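Morning, everyone. Please have the sequence and the structure open while I talk.

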Amino acid sequence: MLPTLLIVEDERATREGLRSALEDEFEVYTAAGTSEALAILKTERIQLLLTDLRLGGDSGMDLLDAALAMPEPPVAIMMTAYGSVDTAVEAMRRGAWHFVTKPLNIDEVEMLLKRALRNRNLETENKELVQQVKKNHKLDKLIGKSPAIRKVSELIQQVAPTRATILIEGESGTGKEVVAHTLHHLSGRPAAKMVIVHCAALSPQLLESELFGHEKGAFTGAAQRRIGRFEQADGGTLFLDEIGEIDAATQVKLLRVLSERTLERVGSNSPIKVDVRVVAATNKNLKELVARGTFREDLYFRLNVVKIEMPPLRTRREDIVLLANSFLQEFAKENDRPLKPLTDEAMELLVKYNWPGNVRELRTAIEHGVVMSNDSVIEARHLPQFLYFQAIASGDSPVLGKIALDAPAEFNLHALETNTIRAALSIAGGNRTHAADLLGVSRRTLQRKLKDLGL
């Protein structure tokens with residue numbers, strides 16, 4: 001459905017001229033005075049109000065006050081041939097979104113109306129997000145309305161109050177750590193500690209000491225006793241990120257802790273009881289690792305009491321708009337910038353991109369747009385260039401046609417080739433054979449191009 005617009009203008013020629021010019025983009029209602037306009041506002045759901053300041057014997061300011069006092073007020077724009085700074089300030093003070101002077105530039109008016117509508121839609125979506133946060137309490141970081149993300153939210157609410165060990169699987173950047181924090185906050189013991197260990201960042205010996213602690217003199221460099229992360233998390237939650245990276249010896253010790261709720265520090269034979277809820281996460285398929293013999297099957301069963309699978313962003317594109325608007329609000333506040341909406345072309349770029357880095361990559365792209373825009377909106381040209389180049393690599397000409405005029409200044413032939421290759425490699429996850437297929441060239445040609453371009 002087209003957005004609804006009420007034009008209030010006492011001059012018939014101007015009123016009908018505006019209707020004729022704008023009716024392709026809006027469902028247009030017209031009125032010649034205040035009483036007629038109020039009757040329409042009371043019976044129709046008007047989203048935009050474009051009203052003259054002087055309406056014969058009526059005042060556009062009075063109409064503005066009455067319209068904005070309604071339960072669902074429209075976004076109001078004032079127009080007048082008697083423009084002055086004082087009048088503009090007074091209209092804005094009373095709640096008008098903008099002010100234009102006659103003679104009107106129709107293209108400018110249409111652009112202003114669309115921008116006002118985008119701004120209103122952004123405000124509405126932000127209010128919905130706030131209501132979603134209040135409704136879901138600690139599920140506020142799991143933004144989305146897709147069936148996949150709703151399923152994750154329902155599962156979290158089901159298992160969070162229990163002591164069950166949770167395994168979270170999903171690609172990098174899908175929000176596995178967000179789920180872990182949410183599970184902890186809804187666990188019934190949120191005041192207790194949540195301790196995080198990034199398993200892939202530590203060598204096997206360091207990881208063992210990090211998890212279970214060690215006694216003084218247990219190994220070279222162990223100058224004093226160290227309390228491990230299990231003991232630190234006693235009474236709370238231990239989040240083991242990238243669990244698929246731990247070595248065979250640590251797997252054995254971890255299995256014992258999960259089975260018996262006891263541990264031994266490195267260099268000690270004294271068992272220590274711990275009360276810890278374990279949440280583990282991985283971007284690998286642990287079942288496949290078990291089949292290859294690199295991950296213990298018994299440990300897999302201990303970890304996989306309840307599995308939560310985080311869907312990649314490309315499979316829940318209906319959530320991209322909500323996520324993008326949430327990040328807009330976050331980074332506008334963080335960077336002390338006004339909240340700006342994304343243009344339709346910019347949002348289409350975001351929705352059509354495949355997001356190999358998932359929500360984390362989207363978050364970075366929005367921060368880039370917030371920082372780079374000095375306009376009243378965030379356009380496609382303010383977003384990172386890799387968004388353009390996937391459209392090129394995928395041959396999405398309709399998208400490219402819409403953003404062509406917004407292309408960055410460095411959108412030259414050399415940059416085009418360089419960034420197209422980078423986009424293909426990103427989509428292919430660094431696999432050069434796959435990237436060459438995407439580009440329609442041989443792997444040898446791609447290798448030569450990489451060398452020639454210094455990539």
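Let's start at a pocket. Helix H5 gives the largest share of the lining of the second largest pocket, with 6 residues. Keep in mind that this is a predicted model. Helix H5 covers residues 106-136, and two other helices also bring at least two lining residues each: helix H13 (320-334) and helix H14 (344-352). How much space lies in this second largest pocket? About 380 Å³. Its lining counts 17 residues, and the closest to the centre are Leu117, Arg118, Asn121, Leu342 and Asp344.

There is enclosed space too. As a reminder, rolling a probe the size of a water molecule over the atoms shows where empty space is left. The count comes to 1 cavity of 30 Å³ or more. The largest cavity holds about 30 Å³ of space. Which residues line the largest cavity? They are Leu328, Ala332, Arg337, Pro338, Lys340, Val370 and Ile378.

Now step back to the whole chain. The protein has 20 helices and 14 strands. Of its 455 residues, 46% are buried. Look at contacts with a separation of 6 or more: residues 24 or more positions apart account for 67% of them. The accessible surface is about 22,700 Å², and carbon and sulfur atoms own 50% of that.

How far does the predictor trust its model? The mean pLDDT of the protein is 85, and 87% of the residues reach 70 or more. Among the elements, strand E8 has the highest mean pLDDT, at 97. Helix H17 (residues 397-403) has the lowest, at 47. Two stretches deserve a flag. Over residues 133-137, pLDDT stays under 50, and the model has 2 contacts beyond four places in sequence for them. Over residues 397-410, pLDDT also stays under 50, and here the model has 22 such contacts.

Next, strands. Take strand E3, residues 48-52. Is it largely enclosed or left open? Strand E3 is largely enclosed by the rest of the structure, because 5 of its 5 residues are buried. Its side chains still point two ways. Leu48, Leu50 and Asp52 go one way, Leu49 and Thr51 go the other, and all are buried.

Strand E3 has a partner in strand E1, and the two pair in the parallel sense over 4 bridges. In that pairing, Leu5 stands opposite Leu48. Strand E3 is also joined to strand E6 (residues 75-80) by 5 bridges, again running parallel. There, Leu50 stands opposite Ile77 in E6.

Compare strand E14, residues 306-309. Which of its side chains are buried, and which are not? Val306 and Ile308 point to one face and are buried. Lys307 and Glu309 point to the other face and are not buried. Strand E14 runs parallel to strand E8 (residues 166-169), with 4 bridges joining them. Leu167 stands opposite Lys307 in E14.

Last, some single residues in loops. Glu9 sits in the loop between strand E1 (4-8) and helix H1 (12-22). Is Glu9 buried or exposed? The relative accessible area of Glu9 is 0%, so it counts as buried. What does Glu9 touch, leaving aside residues up to four places away in sequence? The list is Thr14, Arg15, Ala31, Ala32, Asp52, Leu55, Met79 and Lys102. Two of those names come up elsewhere in this talk. Asp52 is a residue of E3 that we have just met. Lys102 is joined to Pro103 by a cis peptide bond, with omega about 0°. Pro103 lies in the loop between strand E7 (98-101) and H5. That brings us back to H5, the helix that supplies 6 residues to the pocket lining.

Two more residues have something unusual in the backbone. Glu242 is not a glycine, yet its phi is positive, about 55°. You will find Glu242 in the loop between strand E10 (237-241) and helix H10 (248-260). Its relative accessibility is 27%, so Glu242 counts as partly exposed.

Trp355 is not a glycine either, and its phi is positive at about 50°. Trp355 lies in the loop between H14 and helix H15 (358-372). Is Trp355 buried or exposed? With a relative accessible area of 0%, Trp355 is buried. And H14 is one of the helices lining that second largest pocket.

That is my tour. Over to you for questions.

How values were computed:
Residues numbered from 1 in each chain as written. Predicted model: local features only at pLDDT ≥ 70, side-chain atom pairs only at ≥ 80, totals over all residues. Heavy atoms only, no water. Buried < 20%, exposed > 50% of the residue type's maximum accessible area, 1.4 Å probe, protein only. Contact = heavy atoms within 4.5 Å. Areas by Shrake-Rupley, 256 points an atom, 1.4 Å probe, with all protein chains shown as cover. Pairing = 2+ DSSP bridges. pLDDT = per-residue confidence, 0-100. 1 Å grid on protein atoms, 1.4 Å probe; cavity = no way out; pocket = protein on both sides within 12 Å on 5 of 7 lines; lining within 4 Å. Points joined across faces, edges and corners; volume = space filled by probe spheres on them.
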